[in-house]
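The following paragraphs lead the reader through one protein chain. Please keep the sequence and the structure in view while reading.

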Amino acid sequence: MKFRIKNLFFAAALLLLSSGCGVFTASGEDSSDTHSSGKPEPGEVPGLSLEQEAAKNHQDYYGPGVPVALVTDVSSGVNNGFNQAALKGLQTYAVGAGVSYSCYNVYADTPDACKNTILTAIENRAEIVVCVGAHFEKAVGALQEEYGNISFLLLDGVPRDSSGKAIQAAENVHCITYREEEAGYLAGYMATLEGYRKFGFIGGEQLPSVERYGFGFLQGIDAAAHSLGVSNNIKVDYWYAGTFSPNKDIEDMALGWYQDGTEIIFACGGALYQSVLFSAEACDGMLIGVDIDQSELSRLFLTSAMKGIDSSIVIALDEFFANGRKWPDRLAGNTLAYGAKENCISLPLLDDAWRFKKATQNEYLQLLARLKSGGISIDTELPLKTNITIVNHNAQEESDS
């Protein structure tokens, strides 16, 4: 990491620690509430075009001018997960470097909505658009050539054409993906060392990033169970909910699992943890969080499988602005995968976030070191070879339909 990044993190961290998760307008007024309010539905105001719908859903921060735009999916910009971490990373860079930024929230879960929200950011003078999540893959694929003078940072995805096929990123696009399988592996392994034997995994949409979390989770459980000689005692209920939002189906599925003996559920995706947590509270079950440290949300979070979304954004923006507001050759048109080796994968260690009673931090650090050195191999494609019992509830649903 470059020296200027270290200084930037130090300065920005002081400001963010004093201000919490709020964002600031040019006047310095705290605007935390702007991202927690409900979003308008398409057509809520009669006569509005798609572009006008997108224009309603944004805020400018930190001074005049908006060279950087952050666009997030249909969930709130601050949702105790991926979007919040992306916002934090942008805040950290913007505050430390004195760069203005603007935040946009997509108004509908469609490729057209993603595209129109990006276009609104461009019309509002954005020079670089940070696109948060795989929902923006088709939009970036459609716009990267036409808007060659605009730079894009795409997180958790690569450009795709209208049919969903991956295409080559243009020189004005840089993509960052994460080795979520490593974070899932850490969480599964350590939870098994802690003594858990009945697990659940509830993923959101069946996107590659969610699959990688799940596949790593299963293999971490399997590896720890093998080392302890308890593979025959392990059961994992596994299900993709098809959404990152909380709903009654997720609540009912989690409740049924807890009532059937599941001890801990990996709630993997956006705000769906809210439904899992509701059911966990009714049954005194436990959860594993995702993307960021979610321990503050409830005492029922054992740990969180984290990836360095905020730090990866800071690094990328620093490279972009240091290179004269364009991607350097090693990033232009390329995708980087950040993992444990790049210090972007971890479990929370500090303060009250470490809630393991039997598994030790020394065991965790040794496991993390093996990941960093390449001493652990994790499969990211099916079929997975494990010795534990896995119940695929999506397959059951298909057979019942």
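In this predicted model, strand β9, helix α9 and strand β10 form a β-α-β unit of right-handed sense. Helix α9 covers residues 273-283. The two strands of the unit, β9 (residues 264-268) and β10, run parallel and are joined by 3 bridges. One residue pair illustrates this pairing: F266 has I288 of β10 as its bridge partner.

Strand β10 also pairs with β11 (residues 301-307), again in the parallel sense, and here the pairing extends over 5 bridges. I288 takes part in this pairing as well, standing opposite T303 in β11. Is strand β10 buried or exposed? Of its 6 residues, spanning 286-291, 6 are buried, so the strand is largely enclosed by the rest of the structure.

The surroundings of F266 give a view of the interior. Leaving aside residues up to four places away in sequence, F266 touches G184, G200, F201, I202, Y213, F217, I288, G289, V290 and A305. F266 is also among the residues with the most contacts inside the largest nonpolar core, together with F199, I202, V276 and L287. This core has 65 residues. Helix α7, residues 208-228, gives the most to it, with 8 residues. Separate from this core is a second one of 32 residues, which includes A94, I176, V314 and W327.

Another site to examine is R179, which lies in the loop between β6 (173-178) and α6 (180-194). R179 has a relative accessibility of 35%, and it therefore counts as partly exposed, the range for that class lying between 20% and 50%. Beyond residues up to four places away in sequence, R179 touches A337, Y338, G339 and I345. The C-alpha atom of R179 is also separated by 9.5 Å from that of T380, although these two residues are 201 residues apart along the chain.

These local views can be set against the chain as a whole. The chain has 12 helices and 14 strands, and 55% of its 401 residues count as buried. Among contacts with a separation of 6 or more, 69% are accounted for by residues 24 or more positions apart. The area exposed by the chain is about 17,200 Å², of which carbon and sulfur atoms supply 49%.

How values were computed
Residues are numbered from 1 along each chain as its sequence is written. This is a predicted model: local features need pLDDT of at least 70, side-chain atom pairs count only at pLDDT 80 or more; totals for chains, interfaces and linings use all residues. Side-chain values use heavy atoms; hydrogens and water are left out. Helices (H or I, at least four residues) and strands (E, at least two) are DSSP runs, numbered from the N terminus. Buried means under 20% relative accessible area, exposed over 50%, partly exposed in between (1.4 Å probe, protein chains only). Contact means heavy atoms within 4.5 Å. Accessible areas come from the Shrake-Rupley method with a 1.4 Å probe; for residues, only the protein chains shown count as cover. A nonpolar core is a set of buried Ala, Val, Leu, Ile, Met, Phe, Trp, Tyr and Cys residues joined through side-chain atoms within 4.5 Å. Two strands pair if DSSP finds at least two bridges between them. A crossover is right-handed if, with the strands pointing away from the viewer, the path from the first strand over the helix to the second runs clockwise.
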